[in-house]
Amino acid sequence: MLLGLITLLQDSLLLPKADTVAQGVNAAAQAADKHISLLELLKNGGVLMIPLGLLSLIAVFVFVERWLTISKAGKIEDNFMPMIRDQIMNGNVQAARSLAKNTNSPIARMIDKGIQRIGKPIENIERSMENVGKLEVYRMEKNLVILSIIAGIAPMFGFLGTIAGMIQTFFNISITSDITLGTIAGGIYVKMITSATGLIIGIISFIGYSFLNAQIDKVVNKMETASSEFIDILQEPTR
């Protein structure tokens, strides 16, 4: 009679029975055992993962190429300007120009233009050096806009893939009338892979674009400093 009362209370309170608990534990264990590799996850993203992959490769190539170029542009010997100053103060302008001409750097090319204009008004020299500086900055910024474009369109491609996948999922539901949670969730998580991938590519591209712009600003600051120092050298004999 006591056992019957316990069974009745269990049924009335909807307490889980031993076999139900065991089934739940087994289901949880099976779910924990299931995993998916990153490569397989990316494959499930659909056909729009192809342009996203191409965009990521382009972004990496542009970033590395520009970073190497900008890093090289910012390197110059610490004694470059002191040597230019010594040559000019000694009246050996040709040696100063030879030094600037044989130094592969935007700063050296800008100083070389200033040396070529020695003897002309300071305003003309400054203007000539400024024009060369603008050309050098343009060379450093070349193709940098590609990273900005990728940062903008990669998330759009991702959202497009998700929307297309959602349309396909709901179309399948309308055909099969299968509206179970497992079917819907499975279709949604697969189609959101493109959104996540697009956002990651966009964020990384934007960070790379901002980083390279910061490096260009550093080079520009060095060029401005060298330009001011060169003008001071030209004006020093007249002080």
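Biologist: Let's start with a small one: in which helix is serine 98 found?
Modeller: Happy to help, and bear in mind that this is a predicted model. Serine 98 is partly exposed, with a relative accessible area of 36%. The helix where serine 98 is found is α6.

Biologist: How far apart in space are serine 98 and isoleucine 115, C-alpha to C-alpha?
Modeller: In sequence, serine 98 and isoleucine 115 are 17 residues apart. Isoleucine 115 is one of the buried residues of α7. From C-alpha to C-alpha, the two are separated in space by 10.0 Å.

Biologist: Stepping back, how many helices and how many strands does the protein chain have?
Modeller: Reading from the N terminus, the elements run α-α-α-α-α-α-α-α-α-α. That gives a secondary structure of 10 helices and 0 strands.

Biologist: Which helix gives the most to the largest nonpolar core?
Modeller: That core has 38 residues, and Ile84, Ile111, Met140 and Phe230 are those with the most contacts inside it. At least two core residues come from each of α4 (49-73), α5 (80-89), α6 (93-101), α7 (106-116), α8 (122-141), α9 (144-176) and α10 (181-235). With 11 residues, the helix that gives the most is α10.

Biologist: Nice. Which residues does phenylalanine 230 touch, leaving out those up to four places away in sequence?
Modeller: Phenylalanine 230 is among the residues with the most contacts inside the largest nonpolar core. In general, nonpolar side chains tend to be buried together in soluble globular proteins. The residues phenylalanine 230 touches are Met81, Ile84, Ile88, Ile111, Gly114, Ile115, Ile118, Ile125 and Met129.

Biologist: How many of the residues of α7 are buried?
Modeller: The buried ones are Pro106, Ile107, Ala108, Met110, Ile111, Asp112, Gly114 and Ile115. For the whole protein chain of 239 residues, 28% count as buried. Helix α7 is mostly covered, its buried share being 8 of its 11 residues.

Biologist: How are α4 and α8 oriented to each other, roughly parallel or roughly antiparallel?
Modeller: Their axes are 9 Å apart, and the helices pack at an angle of about 150 degrees. Angles over 145 degrees count as roughly antiparallel. The orientation of α4 and α8 is therefore roughly antiparallel.

Biologist: And how do the residues of that contact of α4 with α8 divide into nonpolar, polar and charged?
Modeller: Helix α4 brings Arg66, Ile70 and Ala73, while α8 brings Arg139, Met140 and Glu141. Arg66, Ile70 and Ala73 are also among the buried residues of α4. The division comes to 3 nonpolar, no polar and 3 charged.

Biologist: What distance separates the end C-alpha atoms of α4?
Modeller: Helix α4 has 25 residues, and at 1.5 Å a residue these should span 36 Å. The distance in the model agrees with that expectation: 36 Å.

Biologist: Is serine 128 buried or exposed?
Modeller: Serine 128 lies in helix α8. Not counting residues up to four places away in sequence, serine 128 touches Lys113 and Arg117. Its relative accessible area is 16%, and the cut-off is under 20%. Serine 128 is therefore buried.

Biologist: One last thing: what is the phi of asparagine 143?
Modeller: Asparagine 143 has its place in the loop between α8 and α9, and is partly exposed, with a relative accessible area of 36%. Most residues other than glycine have a negative phi. Asparagine 143 is not a glycine, yet its phi is positive, at about 70 degrees.

How values were computed: Residues numbered from 1 in each chain as written. Predicted model: local features only at pLDDT ≥ 70, side-chain atom pairs only at ≥ 80, totals over all residues. Heavy atoms only, no water. Core = buried A, V, L, I, M, F, W, Y, C linked by side-chain atoms within 4.5 Å. Buried < 20%, exposed > 50% of the residue type's maximum accessible area, 1.4 Å probe, protein only. Helix = DSSP H or I, 4+ residues; strand = E, 2+ residues; numbered from the N terminus. Contact = heavy atoms within 4.5 Å. Axes fitted to C-alpha atoms, helices over the stretch in contact; angles between N-to-C directions. Parallel < 35°, antiparallel > 145°, perpendicular 65-115°, else oblique. Nonpolar A, V, L, I, M, F, W, Y, C, P; charged D, E, K, R; others polar. Expected span 1.5 Å × (residues − 1).
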